[in-house]
Amino acid sequence: MESRSDILDYERDLWARGVARVAGVDEVGRGPLAGPVVAAAVILAEGVAIDGATDSKALTPERRTEIATEIEARAAAIALGAASVREIDRLNILRATTQAMTRALARLPVTPDHVVVDGLPVRDLGWEHDAVVGGDARVHSIACASIVAKVCRDRLMTLLAARYPDYGWERNMGYATRRHRSALRESGLTPHHRTTFGLLQLELPFADLARD
């Protein structure tokens, strides 16, 4: 089992060099057919580790919510940013994701000394940053950001599901499950579907890992 010191290795190296405010950034919602893309930025106070915080996809919804509550209580700073379906269709998903990340960073109540993002370097982010592939499992502040972003977006999709019950968004969160795609064929698009992105996805086989 990973120790508390291990999960903070990335941050501890920076803290030891006097870099106090390390902002981990991650996003959720690049792949769905519906809903916004949401990003979070999280700054942890020196030495703070959140038990159980890891890649959000590895956690149950209940556990994610519990950990997100602890992150909100113990983080030095948290901010969220989003890009709407209209922005995704107008800009493309990659540029919209960059917008969401930039907004999250800009909304932090303090200015980060260092920014680290999950994955590859983000062109046009507007902040100098490190990029760590698999960062949501390797950098604790990124893991916390992934959980906060996921819980926020899931709550939004659950609220939208009450208005559009045919699509099963409370379970699939807008991803291309069998039920969601069947509902698209039967009921058509809602204002929350990504037209330029989602219609292409309808031509693909059902995803083995995205089923109701």
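Arg64 lies in helix α3, which covers residues 61–74. The model described here is predicted. Its strands include five that form an open sheet with mixed pairing, and helix α2 packs on that sheet. The points below begin with Arg64 and then turn to the sheet, two further helices and a pocket.

**Arg64 and its surroundings**

- The relative accessible area of Arg64 is 7%, and residues under 20% count as buried, so Arg64 is buried.
- Beyond its neighbours within four places in sequence, Arg64 is in contact with Ser56, Leu59, Ile147, Lys150, Val151 and Asp154.

**The sheet as a whole**

- The five strands of the open sheet follow the order β3-β2-β1-β4-β5, and their pairing is mixed.
- Strands β3 and β5 (130–132) stand at the edges with a single partner strand each, so one side of each has no neighbour in the sheet.
- From one strand to the next, the twist averages 20°.
- Helix α2 (residues 9–16) packs on the sheet and touches β1, β4 and β5. The direction of α2 makes about 150° with that of β1.
- Strands of a sheet pair through backbone hydrogen bonds, in either a parallel or an antiparallel manner.

**Strand pairs**

- Strand β1 (residues 22–28) pairs with β2 in the antiparallel sense, over six bridges. Within this pairing, Glu27 has Ala39 of β2 as its bridge partner.
- Strand β2 is also joined to strand β3 (residues 77–83) by seven bridges, and these two strands run antiparallel. Here Val37 stands opposite Ala83 in β3.
- Strand β4 (residues 114–118) pairs with β5 in the parallel sense, over three bridges. The bridge partner of Asp118 in β5 is Val132.

**Burial of strand β2**

- Strand β2 spans residues 37–43, and seven of its seven residues are buried, so the strand is largely enclosed by the rest of the structure.
- The two faces of β2 are both covered. On one side Val37, Ala39, Ala41 and Ile43 are buried, and on the other Val38, Ala40 and Val42 are buried.

**Helix α5**

- Helix α5 has 14 residues, which at 1.5 Å a residue should span 20 Å; its end C-alpha atoms are 20 Å apart, in agreement with that expectation.
- The buried residues in α5 are Ile93, Ala96, Thr97, Thr98, Ala100, Met101, Ala104 and Leu105.
- An α-helix has 3.6 residues a turn, so residues three or four places apart point the same way.
- The buried residues of α5 pack against three strands named above, β1, β2 and β3, and also against α4 (85–91) and β4.

**Helix α7**

- Helix α7 comprises the 24 residues 140–163, for which a span of 34 Å is expected at 1.5 Å a residue; its end C-alpha atoms are 36 Å apart, which agrees.
- Of the 24 residues of α7, 17 are buried, so this helix is largely enclosed by the rest of the structure.

**The second largest pocket**

- The volume of the second largest pocket is about 420 Å³.
- This pocket is lined by 18 residues, of which Leu94, Arg95, Thr98, Val122 and Arg123 are the closest to its centre.
- Strand β1 and helix α5 (93–106) each supply at least two residues of the lining.
- Helix α5 provides the largest share of the lining, with seven residues.

Conventions
Residues numbered from 1 in each chain as written. Predicted model: local features only at pLDDT ≥ 70, side-chain atom pairs only at ≥ 80, totals over all residues. Heavy atoms only, no water. Buried < 20%, exposed > 50% of the residue type's maximum accessible area, 1.4 Å probe, protein only. Helix = DSSP H or I, 4+ residues; strand = E, 2+ residues; numbered from the N terminus. Pairing = 2+ DSSP bridges. Expected span 1.5 Å × (residues − 1). Axes fitted to C-alpha atoms, helices over the stretch in contact; angles between N-to-C directions. Contact = heavy atoms within 4.5 Å. 1 Å grid on protein atoms, 1.4 Å probe; cavity = no way out; pocket = protein on both sides within 12 Å on 5 of 7 lines; lining within 4 Å. Points joined across faces, edges and corners; volume = space filled by probe spheres on them.
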